[in-house]
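Subject: Structure for your review

Dear colleague,

Please find below the structure I am handing over to you. My findings are set out after it.

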Amino acid sequence: MSPISSIEVARARRSRRVLFVGNPTRYNDVSQWAMVRQWVALHGMEPIRELEGDVLCVIVTEDILDGRCSPKELAAVQRARALGVPCISVHDTTLIWQVTARVRARMGRPQVGASAAPHRGGA
């Protein structure tokens, strides 16, 4: 396996894609899973289910953290960890907030070259 370049890590940290791995089964897990997915989408990030391309972080169920998962789920988590992508429990909302802070802040700023004031046509 080739070493991870700092460019790959930087690109992943700018990604707006959040990978969700696992299938919650307990009531608490199901409701928290839905709430976090909705929060991610409402903050302009893209919740995904397959590890393809750059990913900001991976949100996992408690079963995944405990090793109770399919080989495909295990492979996705291992690959993400090998790439240096944070894997976070769906219940660790503080860490989710911290990991996504930079992306959320960047999305709240006007784009370079974009006018902060509305264009007012006229002479």
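The notes that follow cover the sheet, the helix packed on it, and the nonpolar cores.

Please note that this is a predicted model.

The sheet is open and consists of four strands, ordered β2-β1-β3-β4, with parallel pairing. Its edges are formed by β2 (46–48) and β4 (87–89), each of which pairs on one side only. From one strand to the next, the twist averages 30°. Three bridges join strand β1 (residues 17–21) to β2 in the parallel sense, and within β1 and β2, L19 stands opposite I48.

Helix α2 (residues 27–42) packs on this sheet, where it touches β1, β2 and β3 (57–60). The direction of α2 makes about 165° with that of β1.

Turning to the interior, the largest nonpolar core comprises 13 residues. Within this core, the residues with the most contacts are V18, F20, V36, V40, M45 and I59. Two or more residues each come from β1, α2, β3 and α5 (93–108), and α2 contributes the most, with three.

F20 merits separate mention. Leaving aside residues up to four places away in sequence, F20 touches W33, V36, R37, V40, P47, I48, R49 and I59.

A second core, separate from the largest one, has 12 residues, including I48, V55, A80 and V85. I48 is thus listed in three places: opposite L19, among the contacts of F20, and in the second core.

Kind regards

Technical notes: Residues numbered from 1 in each chain as written. Predicted model: local features only at pLDDT ≥ 70, side-chain atom pairs only at ≥ 80, totals over all residues. Heavy atoms only, no water. Pairing = 2+ DSSP bridges. Axes fitted to C-alpha atoms, helices over the stretch in contact; angles between N-to-C directions. Contact = heavy atoms within 4.5 Å. Core = buried A, V, L, I, M, F, W, Y, C linked by side-chain atoms within 4.5 Å. Buried < 20%, exposed > 50% of the residue type's maximum accessible area, 1.4 Å probe, protein only.
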